[in-house]
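Please have the sequence and the model open while you read. My comments on this chain are set out as short points.

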Amino acid sequence: MATKETLIKELDWITEKISSQVWTLNLGTLGTTWALLITTTLPNNIRFTAANARPIVILCLCSLLCEMGQCLSGYFNAHQILETM
């Protein structure tokens, strides 16, 4: 059976580990997309247009919102179990 200490560790793990990797990947993708969008010294075949960047930005933002929802639901689930104990 889970103890209070293990549930507290689980809450810490949920908020730190999963979140940091998803945020890093998505923000890196957004930064790269933005850099390719605004850089004027790149050749036109490499440079992004606004139409090229829009789906990438929308997917990254949706992914970040879903990840936040996942972290919040995991936190509330573990918090509910902790309160029940």
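The points below go through the helices, the cysteines, the surface patch and a few residue pairs.

1. Basis. This is a predicted model, in which local features need pLDDT of at least 70, side-chain atom pairs count only at pLDDT 80 or more, and totals for chains, interfaces and linings use all residues. Residues are numbered from 1 along each chain as its sequence is written, and side-chain values use heavy atoms, with hydrogens and water left out.

2. Helix H2. This helix covers residues 50-84. Helices here are DSSP runs (H or I, at least four residues), numbered from the N terminus. The expected span of a helix is 1.5 Å times one less than its number of residues. For the 35 residues of H2 that gives 51 Å, and the end C-alpha atoms are 50 Å apart, which agrees.

3. Buried side of the count in H2. Which residues of H2 are buried? They are Ala53, Cys60, Leu64, Glu67, Cys71, Gly74, Ala78 and Leu82. Buried means under 20% relative accessible area, exposed means over 50%, and partly exposed is in between (1.4 Å probe, protein chains only). An α-helix has 3.6 residues a turn, so residues three or four places apart point the same way. Keep that in mind when reading the list.

4. Cysteines. How many disulfides are there? The count is zero, where a disulfide is a pair of cysteine sulfur atoms within 2.5 Å. Cys62 is in no disulfide, and its nearest cysteine sulfur belongs to Cys66, 6.5 Å away. Seen from Cys66, the closest cysteine sulfur is that of Cys62, and 6.5 Å is too far for a bond. Cys62 is partly exposed at 39% relative accessible area. Cys66 is exposed at 57%.

5. Surface patch. Leu72, Tyr75 and Phe76 make up a nonpolar patch on the surface, with about 310 Å² of accessible area together. Patch residues have over 30% relative accessible area and no salt bridge; like charges are joined within 9 Å, nonpolar side chains (Val, Leu, Ile, Met, Phe, Trp, Tyr) within 5 Å. A salt bridge would be a side-chain nitrogen of Lys or Arg within 4 Å of a carboxyl oxygen of Asp or Glu. Areas come from the Shrake-Rupley method with a 1.4 Å probe, and for residues only the protein chains shown count as cover.

6. Tyr75. This patch member lies in H2. Its relative accessibility is 32%, so Tyr75 counts as partly exposed. Tyr75 and Ile14 are 61 residues apart in sequence, yet their C-alpha atoms are 6.9 Å apart.

7. Leu27 and Gly28. Both residues belong to helix H1: Leu27 is placed there (residues 4-38), and Gly28 is too. Leu27 is partly exposed at 46% relative accessibility. Gly28 is partly exposed at 35%. From C-alpha to C-alpha, Leu27 is 9.9 Å from Val57, 30 residues apart in sequence. The C-alpha atoms of Gly28 and Cys60 are separated by 9.8 Å, with the two residues 32 apart along the chain.

8. Thr33. Is Thr33 buried or exposed? At 4% relative accessibility, Thr33 counts as buried. Thr33 is in H1, and its side chain reaches the backbone oxygen of Thr29 at 2.8 Å.

9. Leu61. This H2 residue is partly exposed, with a relative accessible area of 43%. Leu61 and Glu5 are 56 residues apart in sequence and 34 Å apart in space, C-alpha to C-alpha.

Technical notes. Helices (H or I, at least four residues) and strands (E, at least two) are DSSP runs, numbered from the N terminus. A polar contact is a pair of N or O atoms within 3.5 Å; within protein, one must be able to donate a hydrogen and the other to accept it, and residues adjacent in sequence count only if both atoms are side-chain atoms.
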